[in-house]
Amino acid sequence: MRNIRFILSFLTSIFLITSCSLNSPQENQKPGSAGKTLEVLLVANENVYNGSVKELVDSLFGQPQVNLNQPEPIFDVLNISVGLFNTSDLYNKHRNIIVVDVNSKNDNKIYTYQDKWASPQTIFQFSVTSADKFKTLLRKYFPKIQEEFYEYERLRVNNAFKKLENTDITKALKQKFGFWITVSNEFQLSVINDNFAWIRKEAKDYSIGIFIHTQPYRDSVVFKEKYILNQLDSTMKNNIPGPLDGTYMAVERRIEPVSKKITLDGRYCIETRGLWRLIGDFMGGPFVNYAFTSPDNKQFIMLTGYVYSPRKPKRDFMMQAESICHTVQFLKH
């Protein structure tokens with residue numbers, strides 16, 4: 001069982017550490033976790049979760065997701081009391097849990113648990129002496145909490161897709177590129193050539209798609225935001241025509257994209273979030289792009305997930321697209 005670990009490894013004075021094997025028999029016996037996409041279960045009594053505490057929780061978890069067409073919160077928060085949580089097995093299977101334990105004898109620390117009652121699951125337990133101490137710790141460590149919850153959201157999507165894997169797409173990507181991403185059998189491979197592939201799911205009210213673009217890696221200029229956006233523009237224009245003659249996908253330049261450095265499959269990567277539009281028509285939506293090199297540094301690779309959903313919220317669909325990009329794996333030589 002993956003049990004208690006640090007929020008940050010160097011915070012030894014703040015966090016409790018114990019360890020368990022990642023491959024123990026108990027882990028495989030855990031039920032699947034529950035909860036809606038990007039939903040957080042906040043376990044706190046009414047006398048704690050009110051006033052300035054609720055305002056802080058709302059401001060952090062309810063802040064808008066980056067670069068969506070319409071504002072959507074990064075998380076939805078569901079609140080229940082400590083007593084209800086402790087007496088009902090219905091709630092401890094939730095995927096993302098924060099427990100606020102307020103007691104004058106507590107130690108003002110945060111404990112984090114993985115897969116305690118279900119899998120995948122992350123639990124943050126705030127052991128605090130007061131509501132003010134909870135606010136202080138929440139402000140300080142919210143970025144790490146968000147990162148952990150996102151990791152487990154992606155893991156949930158990936159586990160679901162792995163069970164329904166479109167093995168034909170996996171095989172085609174391995175043969176063409178030497179790497180692959182995992183998608184469910186709801187996706188189809190629309191285009192594949194020497195340096196480009198287009199994988200997509202077309203539903204009644206929305207579309208989710210992934211672009212794969214490769215080119216020889218020459219120097220680090222490819223990691224500049226301007227270069228990435230120009231390459232994405234060119235790739236979409238040349239490969240993704242719109243429904244009408246002369247129409248094609250492009251990066252929406254009127255809204256500034258947001259980039260940051262991350263690690264993807266253990267490799268240095270630039271993540272860029274922005275909006276796309278259809279030149280010559282009125283379609284558009286959000287995208288997320290991942291730019292990185294192959295393990296041998298011979299290929300520069302861009303994975304781009306996008307969503308078109310004119311009548312439905314887009315956040316959860318974007319989590320699917322993002323999660324698919326995070327499944328990238330390379331053949332071992």
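Student: I'd like to learn to read the backbone here. Where is the place of proline 120?

Tutor: Proline 120 sits in the loop between β5 (109-114) and β6 (122-128). Keep in mind that this is a predicted model.

Student: What kind of peptide bond joins serine 119 and proline 120?

Tutor: The general idea comes before the case. Most peptide bonds are trans, and most residues other than glycine have a negative phi. Here, serine 119 and proline 120 are linked by a cis peptide bond, with omega at about -5°.

Student: And phi? What is its value in aspartate 115?

Tutor: Aspartate 115 is not a glycine, yet its phi is positive, near 55°. You'll find aspartate 115 in the loop between β5 and β6, where proline 120 is also placed.

Student: Why does aspartate 115 count as buried?

Tutor: Aspartate 115 counts as buried because its relative accessibility is 0%, and the cut-off for buried is under 20%.

Student: Let's try asparagine 67. Where is its place, and what is its phi?

Tutor: Asparagine 67 lies in the loop between α2 (51-61) and β3 (76-80). Its phi is positive, about 55°, although asparagine 67 is not a glycine. With a relative accessibility of 15%, asparagine 67 also counts as buried.

Student: Can we read a whole helix that way? How many residues of α7 are buried?

Tutor: Happily! Helix α7 spans residues 315-325 and is mostly covered, with ten of its eleven residues buried. Among them are Arg315, Gln320 and Glu322, along with Phe317, Met318, Met319 and Ile324.

Key. Residues numbered from 1 in each chain as written. Predicted model: local features only at pLDDT ≥ 70, side-chain atom pairs only at ≥ 80, totals over all residues. Heavy atoms only, no water. Buried < 20%, exposed > 50% of the residue type's maximum accessible area, 1.4 Å probe, protein only. Helix = DSSP H or I, 4+ residues; strand = E, 2+ residues; numbered from the N terminus.
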